[in-house]
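Subject: Structure for your review

Dear colleague,

I am handing over the structure we spoke about, and I would be grateful if you could look through it alongside the notes below.

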Amino acid sequence: MNHNRTSRRRIVASTAFVATLTAAAVLIPVHQADSATRPVTAGTGWKLQNHITHIDTRPWVIAFHDTRSRTALTPYLRKTAAELSYRMAVKVTVTTRIVPTSATKCGPSHTISVRYMSKPNPAYPNHSFGGACALSGAAYSGYMYINSDLWAAGRGYSEAQRMNTIWHEAAHAVGLAHPASCPKDKTGRKPLMCDVNGLKTLVSRRYSTWEVPAFANLRANRNRI
Ligand SMILES: [Zn+2]
């Protein structure tokens with residue numbers, strides 16, 4: 001009888017909006033609260049999304065909106081998935097599955113659906129975006145819209161910028177938010193989750209030292225709720 005019914009709902013959270021959805025209940029184990037510990041959801045240079053405190057132990061899959069998205073992004077996402085698996089200690093696998101990508105409707109459990117398209121947000125034609133659904137505090141499913149204009153001839157984007165964008169949106173898809181502050185590390189690098197404006201200043205191509213504690217706490221918070 002420890003189940004918290006009020007929190008058993010899926011919530012879509014993204015940088016652009018937050019929408020609460022009604023959805024079929026899915027059972028997620030509710031841990032016994034430890035009065036001595038609380039989830040750690042933010043720190044210097046990192047932050048988790050509202051409604052998400054942790055990642056459960058179930059494996060994740062990456063799927064694609066259509067075959068064009070799959071062809072364009074599979075080589076990148078294999079590397080992203082390997083890094084997420086390592087950082088979160090949860091297996092993330094790139095599949096060939098076709099699952100419609102939506103920013104307003106939660107996708108299937110533990111599935112990140114990825115769409116490659118030009119100007120996914122017409123109001124910000126240079127942007128890509130991503131977000132996650134939450135269930136009982138755990139990341140439940142995610143979505144990524146990767147702007148195909150990053151590959152367009154004559155636009156002048158670099159491979160590093162394309163990679164930074166994909167890694168950034170993948171982190172949104174499992175529950176990371178933009179941090180409250182954007183410090184520089186010893187090598188002058190800012191958090192990968194900071195650059196919301198075209199990723200022109202970043203060179204990391206991968207998660208920076210600033211995202212490492214975010215993933216570690218997503219994992220550790222399982223035992224702090
Ligand atoms: Zn972002």
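What follows is a summary of what was found in it, going from the whole chain to single residues.

Please keep in mind throughout that this is a predicted model. The protein chain holds three helices and nine strands, and their order along the sequence is β-β-β-β-β-α-β-β-β-β-α-α. Of its 225 residues, 44% count as buried, and among the contacts in the chain with a separation of 6 or more, 73% are between residues 24 or more positions apart.

The element with the most notes here is helix α1, which covers residues 67-88. Its path bends by about 60° at Leu73, and a proline, Pro75, follows within four residues. The buried residues of α1 are Ser69, Arg70, Leu73, Leu77, Thr80, Ala81, Leu84, Arg87 and Met88, so that Leu73 is both the site of the bend and one of the buried positions. These buried residues pack against the strands β5 (60-64), β6 (92-98), β7 (111-117) and β9 (138-147), and also against the helices α2 and α3 (212-220).

The pairing of α1 with α2 (residues 159-173) can be described in some detail, since their axes come within 10 Å and cross at roughly 45°, and the two helices are therefore oblique to each other. The crossing of α1 and α2 is right-handed. On the α1 side the contact is made by Tyr76, Leu77, Thr80 and Leu84, while α2 contributes Met163, Ile166, Trp167 and Ala170. Sorted by character, the residues of this contact comprise seven nonpolar, one polar and no charged.

Two residues deserve a check of their backbone angles, given that most residues other than glycine have a negative phi. Ala89, which follows α1 and lies in the loop between α1 and β6, has a positive phi of about 55° although it is not a glycine. Ala89 counts as partly exposed, because it has 13 C-beta neighbours inside 10 Å. His51, in the loop between β4 (46-47) and β5, likewise is not a glycine and has a positive phi, of about 80°. With 23 C-beta neighbours inside 10 Å, however, His51 counts as buried.

Two further loop positions are described by their surroundings. Asp149 is located in the loop between β9 and α2, and it is partly exposed, with 16 other C-beta atoms within 10 Å. If residues up to four places away in sequence are not counted, Asp149 touches Ser118, Lys119 and Arg155; of these, Lys119 is 30 residues from Asp149 in sequence, with a C-alpha to C-alpha distance of 7.1 Å.

Ala177 sits in the loop between α2 and α3, where it is buried, with 22 other C-beta atoms within 10 Å. Once its neighbours within four places in sequence are left aside, Ala177 is in contact with Lys47, Leu48 and Gln49. Ala177 and Ala214 are 37 residues apart in sequence, and their C-alpha atoms are 9.5 Å apart in space.

With best regards

Terms used
Residues are numbered from 1 along each chain as its sequence is written. This is a predicted model: local features need pLDDT of at least 70, side-chain atom pairs count only at pLDDT 80 or more; totals for chains, interfaces and linings use all residues. Axes are lines fitted to C-alpha atoms, for helices over the stretch in contact, and angles run from 0 to 180 degrees between N-to-C directions. Angles under 35 degrees count as roughly parallel, over 145 as roughly antiparallel, 65 to 115 as roughly perpendicular and the rest as oblique. A crossing is left-handed if the near helix is turned anticlockwise from the far one by less than a right angle, and right-handed if clockwise. Two residues are in contact if their C-beta atoms, placed from the backbone, lie within 7 Å. Ala, Val, Leu, Ile, Met, Phe, Trp, Tyr, Cys and Pro count as nonpolar, Asp, Glu, Lys and Arg as charged, and the others, Gly among them, as polar. The bend at a residue is the angle between axes fitted to the seven residues ending there and the seven starting there. A residue is buried if 20 or more other C-beta atoms lie within 10 Å of its own, exposed if 12 or fewer, and partly exposed in between; C-beta atoms are placed from the backbone.
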